[in-house]
Structures are given as structure tokens and as C-alpha cells.
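Reader: Could you walk me through this one? Short answers, please.

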Amino acid sequence: MAQIFSPRANTIARSSIVGVVAAIIFGGWATDAIYWSPYSTYVHVPQEQPVPFSHKHHVDGLGIDCRYCHTSVETSHYAGLPPTETCMTCHSQLWTQAPLLAPIHRSLASNTPVKWTRVNDLPDFVYFDHSIHVNKGVGCVTCHGQVDQMPLMWRENTLYMKWCLECHRAPENQLRPREEVFNMKWTKPADQAALGRDLVSKYHVHTDRLTNCSVCHH
Amino acid sequence: MKADAPLDLDTIRQRLAGTRGRKYWRCLEEVAETPAFEEFLHREFPAGASEWGDEFSRRGFLQLMAASFALAGFSACTKQPLEKIVPYVRQPPELTPGKPLYFATALTLGGFAQGVVATSHEGRPTKIEGNPDHPVSLGATKVFTQAAVLDLYDPDRAQTVLRAGQPSDWNTFVSAMHAILQDQQTKAGTGIRILTGSTTSPTLQSQLNAFLHQYSAAKWHQWEPLSRDNIRDGAWQAFGEIVETQYAFDKADVILALDADFLFTHPSSLRYARNFAQRRRVKDAAGAKMSRLYAVEPTPTITGSMADHRLPVSSAEVEAIARSLAQKLGLEVEAAATPHEEWVAAVARDLQAHPGTGIVIAGETQPAAVHVLAHLINAKLNNSGQTITYTVPAEPVPVNQLTSLQTLIKDLQSGGVDLLIMMEGNPVFDTPADLGFAEAVAKAKTVVRLGFEENETSRYCHWHIPAAHALESWSDVCAFDGTVTLIQPLIEPLFEGKTAHELIDALFQPPGRNSYDIVRAYWQAQKWPNFEKTWRTALNDGVVAGSASPAQQVKLTAKAPSKTAQASGKLEILFRPDPSIWDGRFVNNGWLQELPRPISKLTWDNAALVSPVLAQREKLENGDVVTLKFGGRTLRAPVWIMPGQAENSVTLHLGYGRERTGRVGAGTGFNAYALRTSQALWSGAGLEIKRTGEKYPLVDTQKHHSVEGRDIVRSGTIGEFTANARFLEAHKEPRPERDVTLYHPDEFKYDGYKWGMSIDLNVCIGCNACTIACQAENNIAVVGKTQVANGREMHWIRVDAYFQGSLDNPEVNNQPVPCMHCENAPCELVCPVGATVHDDEGLNVQVYNRCIGTRYCSNNCPYKVRRFNFLEFNAGMTPVQKMVKNPDVTVRSRGVMEKCTYCTQRINAARITAEIANRKIRDGEIITACQAACPVEAIVFGDLNDPESRVVKLKGQPLDYWMLGELNTRPRTSYLAKLRNPNPEMKS
């Protein structure tokens, strides 16, 4: 009987084994790369907005406090997005004819809200609360980055659970004095570890239960 | 489920008679040990529940699964979509974004107010709780009140003005009305009729008065299918005036309910349940006292299930018992023979031994004579003025509604009605069958109906105006005790809904005031001192201070009433409100439809309830379709064998069998109104019943989640309790020590908060309010009749009914069962993906995003409290339907296990508030949804590490027990055993 496989078949068999392994490794690597790339995390990807609102100009340039617009950040789970009226406190006087601001003026005139694109978004099964973080000394910058340096808003961190847990496991690395929470310029001191430990006990941060599922998921 | 061999009721009887000690049973099949029940018991889910029911071959399934697995990895490749974020244009000043607002308002049932506090998330009502300041709700809710929020978002609501079934608009309607009214002006409105239900709205009354003043010959009629005519007539005959009777169950030692379901159907039932429970709760054995409740009733009710002695007799026999009692108490009444002389004599002695602290209450289903007898007895026993007071009725114009309806129908038949305006109601469906309302109403020239949904009556309407929901309306309403609540809206009408006020106002010139102006103008005219402040206080509190009806001094003028004529016939038919869909108005509400009815645990249908004796005599089984012949009318209905039903009484629950309703209610149940006549509004003799040989699939949950023959529910008597406080623990396995476990007993220290719950079976009345409150709070899906039959209902807290004793008159013990939050939780150990885990405060947490649906946890749960999303139960919801969801709770999708979380979202909210204020969570700060709804405060939640907390004190009581504690699950939910207070004179 003639041979079924020619000598070439050995090479094909060997290379396909290697090829499959390589393909699996490459596939895994590619998936991981995509998963952590800005394509899926949106990290550092400026989002287009109906009005190209610049935090850099308003915060860094004009020195407006975060809470002027995000009014409920200290009292509610939701920091609050300013209603059109808040824009109008200044823009009823300033740049009233600017075409860039037309959507804001239209919104007020027609009583229809401006639809912004959400930059920092969590999955629906996660219940994040701004008020408790702010009250326990988590600075705005810690999660949102140097907002005062962003001409257009982007996401500074992945907001993946792994990232949340970095802090929930060791909050002392991130805490700052309460009065510095809204300070964009505050930097960690050299002895952050000592300061953090102080703050953890001073603010009664229950580190033992911060990683309980029920803290964020209900 | 496969077909059963016929139930042998004789064997069941023998088995029950042969039991020694307390033996609890849940359904007939259990006692009979039918193979189907055994199978139910031993499977985690009923047969077929875990499989897909379609015709689908195993091979095809495997092929598909292989493909699915191969592709499953890719499902994670979707990236998070970008979402829009929409702020206000002008943010309301009272609103903090993300924080709910609460509004005190009221919902109306049968004309009377249920005071509520409604939660609004950014203008979206999501949850209703009772208003603690309201004298009738006292912070609790009925099932109907809880479910009202689902009605608000019902996509089948009437949405637009219809003219002869075609879309029209409000302005066209108003002009059409004015054309008619102009014509009527010349004849003083002779041709105008208005039909409403019972109403207690002061504003609406003043509007009607003004209208009837302007059109002096116009007439106003009232009809409520569950009318309180007998109560009004009884008062009229007894006192010569119509007064309402107010009962103080908190002062009563001995109570006799004569077919009166005062714990559930009474307009003041929430208050009565709370007061009743006050006298049933016991603490320590020493000096423990309870009130005693006797119930005489033909069909099992919630009140009957709480009775210490329950006497099942036919409805017609109740009068004889009342007469016999009156006679024994020394009243001169025409006696009637009753075979229960001994029973009545014992009750009479008990009542006599407690003068001034007894209550005899007759139900609305009993004829006026029984009410007169009750008034006479209460006067004789000095109860009047003590436990019983009389007040001016909250209804401004109480009338005999049957007479009122009959007059209207006569006028309609004569063709003299040019304009009939109906406020809500469904008279074509729910008026007595012999009166022929449908034929009569067809003769009216113009028929207008203000209605929440299109129903059978809408077909006869020339104009159909969509009604606004109470949560969309300005109005006012009185509670049963007369206290006024201003109804305020939480949301603009979602559709074009109008209120009754706006409809009546549109009939005047110039029309166009909105409800707010109308209601406010009425109260402004009442000359409140400092109006603005009083108005705002009333809106804030949900009650107008000091508006309760004044007590009425009454003079008993009645001589003993003559006997009510009784039709002859062996079998008796009873008409009763459905415990879930009431008179039919809630038929399109999925939460209520799926709620297992108290005691019978039927869902999605009504049935003809028959006694075991009658079933044996007629060879009937559950689900057998019978022909019911009554008064020349026939109806086909499936039967349900009801333990405790009076031998010859057949109960039909009203409201089902709707021909025209929304998608939820369509095709459910059978129409009991078809047999209801003006002579037999509540009961009638002469029923004939005949088997057809057909079967109808009735679905009940009584068999679901049962736990075989174990020590689940515990009960005893107060005598046993005072003799030995720990009598229930005798012959029971002791609680195992904490470290008797293979796992790490000290893995969790619980040194912060330690959450726990206590459920008092002694006061639980089994009203289901907890189940539906939980459903509303926790976004629990409705699964539908077919899925309930598969055992896939999703309720996180169920109310189990355990029978004890004979088949014909068993005691009923209700037991609400939520997740026990075991410290040694069996579910946690078997989860392969760590989706069900413990937290540091002892919560047994279910993590939806980790769950892959193996269902091992459910398999290993001894309490059967875990629920699995077999299907995508939340699929296909319209944007309006989605608005009912609680934003603080994840909406679960297919393939995910879920269960009671102790309302962890409420715990977190309280924790955050407390932490920001730098303090501990106070006792009572976290109220779980079930706890909030409970009328009898049977459920208490709190911190077990706080020795002063209510829950710790309750768990320290001698009646406290763990369900299946011998398994060493160390449940955090524990129960207080049920006690009864039987009369030592009487046989149990």
C-alpha cells in the first residue's frame, strides 16, 4: 500500500502545532491589549461634547471651584451636572453671541436640556457614591485626574474594578486632608504613608470591610 | 406537572385524625403523599423547570451549545457604550441630584384614603410606603397600595381622549359637552346623570353640589360593587341615622367577628391590624395576656386565620348565630335554630365576662339585621363608648348604592337620559347581572366615562376620557375616620390624564381650571386661619390636622330586627372581593396577579372554592371545571378545594374574567359577576354545581419551596407558654455550638454591625404586603402563570401557610420566609465562582455580575429562598415601564441567581449618611421594605451588636427560634413562635 502521508506531512504537523500555540498566545495577548487599550477603556480619549467646555479654562484659568457646578458632590451619590441655568449665571452676560455657546442659549430658550456625553461611566451594577469619598478625604484629582489641565474632558483612569480595589485595599495611599479634596494642586507629601494612616483613623475609614461586595454592588 | 391519581380525601382525613401532637401540613397532596408532591418535594425545582420546554432535540441542543461556547468568549469583547448625561435646564431648588424626594399623599380604595409617602427619584415615582402620621395607615400599606406604582406606568392605560373609539382631544370634548349642556339648561338638566363610586373627596362633593344646584333636575348616583350598603342600612335601622362604627381593637379582650374580615377588607384594616396585634404580642411568660378572637365565617379569610376559635358556617347561618348570641345575652330577639348552641354559649359567657372590653363586629357581606344585632349586643355589653365609638360618616352623602343604581337604570331604560357621566368604575361589568345595565346604558344619548383603562364599559361610551393616576393628581380624600388628606402629584400626567375635578369643572362656564386651582380654591373657601401655612403643613404631613370626624352620640332606637328572608336551597354561593385584584380594578397589575392569594396560594386566576366535604360528595378535584347554576344563570369555573370552607358554601372571587382589559389581565380567571344578582350581592342559596369532566390548569405556590416534614413553623397556646416559657423547645434539638463546623467558625468576627431580623409569627396576619413591597423595592420580575407553574416565581419573601388540624376547619399559621442570611451559609460553600459570599456584617451577599448560573447554591439552600432568572424576565419593557424600577437596585438578567439582600441598598444609604455625620447607624434607621409595609410590625430589622436594639430584645424572648437551627446554619433571621389563646371552656 502506498504511503498516505508524504514526508512533507511531518513539517506541516509540526508547524501547525507551533502555529496553533502561537495563535492562542497571540490571541490572548491581543485580547488583553485591546481590553486595556484606550479603545475600550476610553482612558485619555477626549470626548466630543455639544459645547466644547474647557475645564482648563474654567478651573485653572478662572479659578471656579468644582462645587460651583457639581453641587451635590458632598451630599449625594451623584456629583451633579450643572443645569443650563448655572452656565447662564455668567453667560447671560459674557459671550452671549458666541456661536460655540449657541446650544446653551438654545437650551434655555427652548427649555430642553443639553445632552452631554458621559465621560466617567460605571457599569449599572456598581453603586458609587461621591459624598462618602469626598467626606473621607478622596480628592477629585485622585480619580478624575488633573481636570484643570483638560481642555476637553477625558477619562483619567480605567474605572475597572481592579483599579477601584487598589484604593479600597489600601486607602492610606490615596487619602488627603478633607480640606484639600477640591484642591487641584495638592500633591502627596513624602510621608504619604504616615499621613494616610493618620487620616484612615481620623476619618474612621473601616478598611476591614471596604472590599466587601455589598459595599458597591446591590 | 403530570396528572395525579385522584386525591382520596377519606385517607387524608384519617391521616390527619391519626396524628399526635402538632402536625403541620401545607396542602392536601402533602397529607395524601401523592407521587407528584413527593417529586415536587425532592427536586430543587419542579420537573421541567430547569429545562427548556420547547420541542427541541438533545442533539440539536448540544450542537447549539457547542457553538455558543465557542463564541461565548467574544461576548466580553463588546466595549462599554458611550452614554448621554442630561442635566436639568432649571433644577428644582428642593432637589439634590441623586437623592430621592418624599411626598405625603394618599391613594384611594373604595372611596377611602390610604395615607402614603411616595418616593420620587428625579421626578419619577418609584415606591410607595405608608404614612406614619396618617391615622388609618400608620405607616403600613396594603398590597394594593404597594402595587399602585406599577399601574402608573401601565402601557395599557387609557392614553388619549376617545370619541366613539377614535382619538379626539380634550377641547373638542369640552365644546361637545357645552353644546349638550346648553340644551339641558332649558330643562334644568333633567337628562343629566352622574355616576360615581363611593367618594369622600370634599372638593369633588362641593363641585357636584354646585353642578346639581345649577342643573336642579340632574341626578347623582353612586355604585361601588363592593358596597357597604349593609353597614349603612344596619346603622340606619339601629340608630335612625347613618353613622360609622369605629372599633378600638387595642382595648378589646374578646372579639367576635361575624363574617367580618376586619384585618384585610375593611377600609380601616391597617389600623385595626396594628391595634389587634398590640393585644396579641407577648413578651415574657409571666403575666402574658392576649386578646381572644372568635370568627364565624363561611370562607377562610385572613381574620379567620388569626382566630383562636373559628366556626365555619354558611353565610346564611351567621344571622342565626348572632340571634342565638343576642338571646343568650338577654336581648329579646326572635330566635333561630343553630346547631352550634354550645359554641355560641361559650362565646356569650366570654363576652359577658368582659363587659366594656369586647367587640362584636359584623362584615359588609352580612345583611342589615346582623349589623343591628351587633349594635344591640355591643350596647348590651357596654362596649359602645368603650371599645366602640360612632362617628359621622366620612362619606358626605351615604346612600344605599343598590337603590341608587336601580333608579339610574330605570331612568336609563325609560330613554330619558341625555348625558351620563361616569367617574371611573366599570358598571357594565360589575353591576348585578339581573339589572341589565349594559342594555340600559345603550339607551343614553351621550355617555362619558373618565377611566384609567379602557374596559367593558368603555364600549358603551361616546366619550372616553383618560383618568390621571393618583400620583399625577391634585385632589383630596378622607380616611375611614374622616381625616382629610390632600392628594398631591409627584409627576405630570404621563398621558393626557384628567382628574374628576377637571371633568366636572369643564362642565361649568368658563371651563379650564386645573385640579390644583380647584382643590386649593375649595380649601381657601373653608376659611382656615393662616391658610398658606395650614395648606403647606397639610401637604407636608399628609393629613389635615384635626379633621377626623367628630364622635356622634347615638341613640339605639331599634327593636330586635325581624329575620332576614333566606332563599332555600342546599348549596350557597358567596361573592367576595379577590384578595389581590379586588373588584377587578387591579386585573392588569402583574404584581398583584402573581401574588399568591392568602391561604389558597393561587395565582393568576380565581377559582370556585369548595369545601373538602362538598368535593368528596361531588367527586371534585382541584382544577375540575364545573358548571355553576344560580338564579337561572350559568357559569363554568374550575374548583379549588379549600380546607376550612363551610361545608355547603362555594366562594367566587369577583373581578376576574375580564373581556376587555390590558395584556396582563386578559384571559385570566372567570367572571363571577355573571352570577351576581341584586338579590344575592354577597351570598345566595340555591346554587347547583355539576362536573363537566374538563380540567383547567390552576396554578398555586402552596407546594413550592416546601421543606419536608421538618420543624419549620412552631405554635402553641398561651396556656402552655405561661406554664413553661420554653415549652416549644422541649423535644427539640438544641442549637448547636458555633464551632461545630468543618469550616472556620471565626473567619468573620462581626465586630462592627451585625445585621439580623426577627419575624413575629404571633402577629403576622399573612396579608402579603411584605412580598409585594419587596417586589417593588428590589425590582423583582413578574414571570407569568406558565412560569409560576414551573416553580419559577421570583418573590424574595414568600408567605407560607401551614395548616394544622382537621381538613374541615384547620388552624392556619402564616410564615413569611426571606433569606435567613445564615452565618454558616450552605449556599456560599458550593458556589464555584464566589458569586455568593459573606460580608463582614453577616450579610449573605449575591454578586450578580459574578454569577454564572450553576444554581448549586439554590440546590444547597435548606430554606429554598433563592430565585433563579430562568428567562430574561425584564426583556421587552417599554421606556415608560422601565420607570418603575428602583435605581438603587440592579436589574437582573437571565442566568443570574438572586435572593433577599436585607435591602442592602437601604443599609448602604443609612451607612453613608451616618458615616458622613461621623456617628453609628441608629436603631430603626434602616427599615427594610418588608418591615415598612407590615401592618402589624411583625418584621423587625437591626444590629445584633447593639444590646438596646429592638431586634436584640425580640431575639431574647423565650418564643424566639431558628428555622432548621439544628443544621447549624446559624440563621440571622429568626422567628417568634405563634401563640393562640383558646377558650379553656371550648374543645379545640
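**Two helices and an interface**

Author: Helices H11(B) and H12(B) lie oblique to each other, because their angle falls in none of the other classes (under 35 degrees is roughly parallel, over 145 roughly antiparallel, 65 to 115 roughly perpendicular). This is a predicted model: local features need pLDDT of at least 70, side-chain atom pairs need 80 or more, and totals for chains, interfaces and linings use all residues. Residues count from 1 along each chain as its sequence is written, with chains lettered from A and ligands numbered from 1 in written order.

Reader: What angle do H11(B) and H12(B) pack at?

Author: About 50°, with the axes 9 Å apart. H11(B) covers residues 315-328 and H12(B) residues 341-353. Helices here are DSSP runs (H or I, at least four residues), strands likewise (E, at least two), numbered from the N terminus.

Reader: Which residues of H11(B) make the contact?

Author: Ile321(B), Ser324(B), Leu325(B) and Lys328(B). H12(B) brings Glu341(B), Val344(B), Ala345(B), Val347(B) and Ala348(B). Contact means C-beta atoms, placed from the backbone, within 7 Å.

Reader: New topic. How many residues does each chain give to the contact between A and B?

Author: Chain B gives 36 residues and chain A gives 39.

Reader: Which element of chain B gives the most there?

Author: H28(B), with 6 residues. H28(B) spans 904-916, and strand S2(B), at 84-85, also gives two or more.

Reader: What does S2(B) pair with?

Author: Strand S1 of chain A, residues 116-117. The two run antiparallel, joined by 2 bridges; pairing takes at least two DSSP bridges. Thr117(A) stands opposite Lys84(B).

Methods
Axes are lines fitted to C-alpha atoms, for helices over the stretch in contact, and angles run from 0 to 180 degrees between N-to-C directions. Two residues are in contact if their C-beta atoms, placed from the backbone, lie within 7 Å.
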